[in-house]
Amino acid sequence: MAALSGGAPWRTGWLPALRLARRSSKAVTRHWKAMHLQRQKLMAVTEYLPPRPPGPERCLRPPQQPRQEDNGYARLLRRQVEEVFRDSRMVAVCQYNAMPGEDVVLLRHYLRKHNIEVKFVLNEIVRPVLSQSRYRNLLPLFVGRNILLVSPETKAKEMLRVLKGVPQVNLLGACIDDTILSRQGVENFAKLPPLEASQGQTLGALALLPSQTCSLLQRGAAHLTALLDQHIQQLRDGAGQGGAPTGPEPPQSPGTP
């Protein structure tokens, strides 16, 4: 015992004052997993964003940009577009798709036979001109790459016949005799007879009404003349047979017996 008391504490059976006891617990089976991409998008879209307080007026007002002056070439192109719309009776707006150069040359050749010119224009040049003119309703047509088919005459039928064989050029609308028409309107206009024939039909219709009125006014006099001629003929036939002409008896006065 003395040996034990004089020895090291771990040899004497010493126990610590605090002992940690491990309890049985479940194993961790669920680990952190990243959120699905669609759910992340949904959470980002549905996240509440408080409205920002309005800033001072000097911050909201956009800065004034310096005015860009047009060069002389742009003014020249705008002047040419104005002359085209002023001097041409037919201006057709077409959508132009990429096509070989040989096909473009053939298209120009076939249209030039009917006195129709092809003009390539830029939307940056045409839109400012149309916005300040009476043709502003044509502005929605100038969106992509367009060309103008210009003619001093109304050759709508010939133009449609040529464009029928060129699928790369699609007719969008036209301005014919200061009247804006859609594609269907241009096709209906092409089906109309020539101007000379329409004028002749109009003159015939206008001349028919006075002639009918004149014949109606002369019908009574002609009928009366025919009745008188028939009565005279009957009197002559009665005189030729030797009898006294039968006629209406003269009226008698009241004092005659």
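Start with the whole protein chain in cartoon view: followed along the sequence, it runs α-α-α-α-β-α-β-α-β-α-β-β-α-α. That comes to nine helices and five strands. Keep in mind that this is a predicted model.

Now colour the chain by burial. Of its 257 residues, 21% are buried. Switch to a surface, and you are looking at about 21,500 Å² of exposed area, with carbon and sulfur atoms supplying 57% of it.

Next, head inside. Select Leu149, Met159, Leu163, Val169 and Leu171: in the largest nonpolar core, which has 24 residues, these touch the most other members. Then highlight the elements that each supply at least two residues of this core: strands E1 (90–96), E3 (146–151) and E4 (169–176), plus helices H5 (101–113), H7 (156–163) and H8 (183–190). H7 gives the most, with five residues.

So zoom in on H7. Show the side chains of Ala156, Met159, Leu160, Val162 and Leu163, which are buried. They sit on the same side of H7, because they cover an arc of only 160 degrees around the axis. What do the buried residues of H7 pack against? Turn on the neighbours and you'll find E1, H5, E3, E4 and H8.

Stay on Met159 for a moment. Leaving aside residues up to four places away in sequence, Met159 touches Met90, Ala92, Ile116, Leu149, Leu171 and Val186.

One more stop: select Val93, Leu139, Phe142 and Leu148. These are among the 19 residues of a second, separate core.

Finally, zoom back out and draw contacts across the chain. Of those with a separation of 6 or more, 74% join residues 24 or more positions apart.

Definitions and conventions. Residues numbered from 1 in each chain as written. Predicted model: local features only at pLDDT ≥ 70, side-chain atom pairs only at ≥ 80, totals over all residues. Heavy atoms only, no water. Core = buried A, V, L, I, M, F, W, Y, C linked by side-chain atoms within 4.5 Å. Buried < 20%, exposed > 50% of the residue type's maximum accessible area, 1.4 Å probe, protein only. Helix = DSSP H or I, 4+ residues; strand = E, 2+ residues; numbered from the N terminus. Contact = heavy atoms within 4.5 Å. Arc of directions from axis to C-beta. Areas by Shrake-Rupley, 256 points an atom, 1.4 Å probe, with all protein chains shown as cover.
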